[in-house]
Amino acid sequence: MTIQMGLPFPHDAAQAGMQESRALAAKHSRRNLYRTWDLPREAMSKMPREWRIQSGLMQQVPDDLAPFVEWFYNQPEARERFRWALRDSLDELLDGRRTGRWAYQHLTKTEKTYLGTAVEVNLTKEFAIDNGVDLDWSIAGLDIDCKFSKDLGGWEIPMEMYLCSDHGERGGRADHAAVLTWMNDDTKEWAAGIVRITDERLRWKKERDANGDRVRAYNRDNKRKLSDGAKSEVYWLWGGLQTDLPTNLLRHLDPEARERILTAPPGRSSSGQERMNQLFREVQDQLVGRQAVLTVGQQDDSPKRARDARIRLRPEGIVVLGHSRPHRHVARALKLPVPIKGEWISTRLVPVSHDDVRPKFSLDGQCWARASDDEPLLHPAPDLHDKLKIDEQHLDLALVSPGVLQSKETHGKPQVESDE
């Protein structure tokens, strides 16, 4: 008897190729359907009165925390990198391209639990933090752990982080330090602090046992939260409360504007291109990041839809600038935020005379400036394609104060760059 080993080779090779592709699954897949989400009804975060912190705190660095504090302060642009690691961690879970979600409240319970892990993973990669001996991190040669909570004061501390004679083998070999991280996407607030974990700084139950001894307040995982009194022992990096968590554009957009972007008008079906066009109609003169574009498009080629929007919106006088060098020149000339890779910015333009005092640029002898709200649409916007050649003399003159002449700086010709 002959036993055939392995999988049989199908007679129809084309059918075999079909079986290995996504085509069959895609015919009935619901993971990539376009979705819309309601405005959250509850707040993302709680800030108990006992844990409220202020901005601009002046604190003395405790000697035992000084190595950690100095390490963070010595990292280049540490604060900027920290806040963006928090932003990216939440955006990864929202996964707007596949889910259309734009708020923390749209996450499932399991995903919310994972956010702390995502924060730790991204901070580890961002700052190239080494593994510790007993804990996840080693900073300045010392073990330290990273803890995240969406609620201030809600950090959960495991037994291995502190000394306790009652814990036996489950207890820590030292009172370790912890980096406490927190963010609230609803208010764009965030904070990072460092504290030394001790048995006394963790919560105890109000009631005592039969012998009159205090009882530790464990949760089901044998973890304890910091006591309210431990707040004074936390050293808050960068002065305490921070109010500039990178903006979640769709979360903080006017609800009616967001509805116009994400929902098709009655009687019409919503397409990725239509939603992208509406995004750049509604959101002008401010940067639109890649996450917002992916969430609005909910397509693999959403960045292409953003580029195509500049063609669709030209008749309405609207330009969509990307990160190519000519576009960056135009943004600077118009006194707009300058996009980097993965960012776009739109604005409505009108043709103006050379003596118009507004910031402007010149293209083919015609000057263009940002339109005011009361200026009617009379002309389509100029074609600012990727191979644009700018009259840099007029561009530079638009950047100086009206009536002030200065020598033109020497620039090379703008290089052709793609927006993606």
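Guide: Helices (H or I, at least four residues) and strands (E, at least two) are DSSP runs, numbered from the N terminus. Axes are lines fitted to C-alpha atoms, for helices over the stretch in contact (heavy atoms within 4.5 Å), and angles run from 0 to 180 degrees between N-to-C directions. The model is predicted: local features need pLDDT of at least 70, side-chain atom pairs count only at pLDDT 80 or more, and totals for chains, interfaces and linings use all residues. Residues are numbered from 1 along each chain as its sequence is written, and side-chain values use heavy atoms, with hydrogens and water left out.

Visitor: Across which strands does helix H6 lie, and at what angle to S2?

Guide: Helix H6 (residues 109–127) lies across S1, S2 and S4, and runs at about 135° to S2. Helix H4 (residues 78–94) lies across S4 and strand S5 (189–196), at about 110° to S5.

Visitor: What makes S2 and S4 paired strands?

Guide: Two strands pair if DSSP finds at least two bridges between them. Five bridges join strand S2 (residues 142–148) to strand S4 (residues 177–184), so the criterion is met. The two strands run parallel, and Phe148 stands opposite Thr181 in S4.

Visitor: What is the strand order of the open sheet, and why do S1 and S9 count as its edges?

Guide: The order of the five strands is S1-S2-S4-S5-S9, with mixed pairing. Strand S1 (137–139) and strand S9 (235–236) each have a single partner strand, so one side of each is left without a neighbour in the sheet.

Visitor: Why is the contact of Asp308 with Lys304 called a salt bridge?

Guide: The term requires a side-chain nitrogen of Lys or Arg within 4 Å of a carboxyl oxygen of Asp or Glu. The N to O distance for Asp308 and Lys304 is 2.8 Å, so the pair qualifies. Being four residues apart in helix H11 (residues 302–313), these two residues are separated by about one helical turn.

Visitor: Why is Asp308 called buried or exposed?

Guide: Buried means under 20% relative accessible area, exposed over 50%, and partly exposed in between (1.4 Å probe, protein chains only). Asp308 has 18% and therefore counts as buried, whereas Lys304, at 38%, is partly exposed.

Visitor: What makes Asp95 and Arg98 a salt bridge?

Guide: Their closest N and O atoms are 3.3 Å apart, which satisfies the criterion. Asp95, at 22%, and Arg98, at 40%, are both partly exposed.

Visitor: Which residues form a network with Arg79 and Glu80?

Guide: Arg79, Glu80, Arg83 and Asp244 are linked by salt bridges. Within this network, the side chains of Arg79 and Glu80 meet at 3.1 Å, N to O. The structure holds 27 salt bridges.
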